[in-house]
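Let's go through this one by asking how each label is earned. Here is what we'll be looking at.

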Amino acid sequence: DLVPVLSQYFALQPPIQGYSIQAVLDDLGLGDLKLAPQLSGKISGEANINDGGGTFVVRSDDLKIGKDILPARFDGTQVGSDWRIRGFLAASDFTAGLTDGQVFGRGNLRALPVGAVIGALTGTTPGKGLVTGIVRFRAPLADPLSGTANVAAERIQVSSIQGTGKNAYEE
């Protein structure tokens with residue numbers, strides 16, 4: 001149930017006869033949030049939470065990850081304290097769960113631009129990298145970098161950028 005968790009941070013009291021919360025995002029600029037150096041674009045969505053369940057959807061037609069502009073959509077359903085999440089980034093699709101502070105799931109990668117993802121997170125794009133295959137992951141939400149990810153790749157396409165400015169070229 002979400003209200004007891006939120007009441008730790010906000011002045012909320014669980015009501016006696018249930019509750020319903022609705023939140024809407026309309027063209028929120030990700031670049032303004034500074035989540036990652038090269039992550040920008042506008043996202044929209046909504047969340048509906050009630051006692052015992054909820055749903056959300058977040059989408060972007062122009063998510064800029066590194067130098068790539070990709071469509072993305074993620075939606076989720078809450079039952080009790082567990083979440084089931086599904087979504088896509090470009091042509092890749094993902095399913096995940098969130099239970100007891102652990103996020104876990106799998107993805108079907110279809111030419112996922114991992115070079116752009118690395119560039120978005122680090123601020124530098126070493127080149128282009130496209131991966132097609134399957135990924136499985138599990139991590140504690142409190143420390144996602146301590147988690148694990150296993151990738152079985154069918155195809156990996158890599159190129160690098162050499163030089164700078166007008167002299168830059170791709171190999």
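Q: Where does Asp100 sit in this predicted model?
A: Asp100 is in the loop between strand 7 (92-99) and strand 8 (102-113).

Q: What makes Asp100 count as exposed?
A: The cut-off for exposed is over 50% relative accessible area. Asp100 has 71%, so it is called exposed.

Q: What is there to say about phi of Asp100?
A: Phi is near 50° for Asp100, a positive value in a residue that isn't glycine. As background, most residues other than glycine have a negative phi.

Q: Which loop holds Lys34, and what is its phi near?
A: Lys34 belongs to the loop between helix 2 (30-33) and strand 2 (39-40). Its phi is near 55°, again a positive value in a non-glycine residue.

Q: Why is Lys34 called exposed?
A: Its relative accessibility is 69%, and exposed means over 50%, so Lys34 gets that label.

Q: How do you know that Leu25 is partly exposed?
A: Buried would need under 20% and exposed would need over 50%. Leu25 comes in at 34%, which means it falls in between and is partly exposed. You'll find Leu25 in strand 1 (residues 20-29).

Q: What makes Leu25 eligible for a nonpolar patch?
A: A patch residue needs over 30% relative accessible area and no salt bridge, and nonpolar side chains are joined within 5 Å. Leu25 has 34%, so the area condition is met. Its partners in the patch are Leu28, Leu33 and Leu35, and together the four have about 330 Å² of accessible area.

Q: Which residues gather in the negative patch, and which elements give two or more residues to it?
A: Asp26, Asp27, Asp61 and Asp62 make up this surface patch of negative charge. Strand 1 and strand 4 (53-65) are the elements that give two or more residues to the patch.

Q: Why is Asp26, a member of that patch, called exposed?
A: Asp26 is at 65% relative accessibility, and the exposed class starts over 50%, so the label fits. Like Leu25, Asp26 has its place in strand 1.

Q: What makes Val158 count as exposed, and where does it lie?
A: Val158 is at 65% relative accessibility and the cut-off is over 50%, so it counts as exposed. It lies in strand 10 (residues 148-162).

Q: Which residues does Val158 touch, leaving aside those up to four places away in sequence?
A: Lys128 and Gly129. To touch here is to have heavy atoms within 4.5 Å.

Q: How far apart are the C-alpha atoms of Val158 and Val114?
A: They are separated by 9.5 Å, with their positions 44 residues apart along the chain.

Q: How many helices and strands does the chain have, and what pattern do they follow?
A: There are three helices and eleven strands. Along the sequence they run α-β-α-β-β-β-β-β-β-β-α-β-β-β.

Q: What share of the 171 residues counts as buried?
A: The share is 27%, with under 20% relative accessible area as the cut-off for each residue.

Q: What supplies 57% of the area that the chain exposes?
A: Carbon and sulfur atoms do, out of about 11000 Å².

Q: How far apart are the mean positions of the positive and negative charges?
A: The 15 positive and 17 negative charges have mean positions 7 Å apart.

Technical notes. Residues are numbered from 1 along each chain as its sequence is written. This is a predicted model: local features need pLDDT of at least 70, side-chain atom pairs count only at pLDDT 80 or more; totals for chains, interfaces and linings use all residues. Side-chain values use heavy atoms; hydrogens and water are left out. Helices (H or I, at least four residues) and strands (E, at least two) are DSSP runs, numbered from the N terminus. Buried means under 20% relative accessible area, exposed over 50%, partly exposed in between (1.4 Å probe, protein chains only). Accessible areas come from the Shrake-Rupley method with a 1.4 Å probe; for residues, only the protein chains shown count as cover. Lys and Arg count as positive and Asp and Glu as negative; His and the chain ends are not counted. The place of a charge is taken as NZ of Lys, CZ of Arg, CG of Asp or CD of Glu. Patches are made of residues with over 30% relative accessible area and no salt bridge: like charges are joined within 9 Å, nonpolar side chains (Val, Leu, Ile, Met, Phe, Trp, Tyr) within 5 Å. A salt bridge is a side-chain nitrogen of Lys or Arg within 4 Å of a carboxyl oxygen of Asp or Glu.
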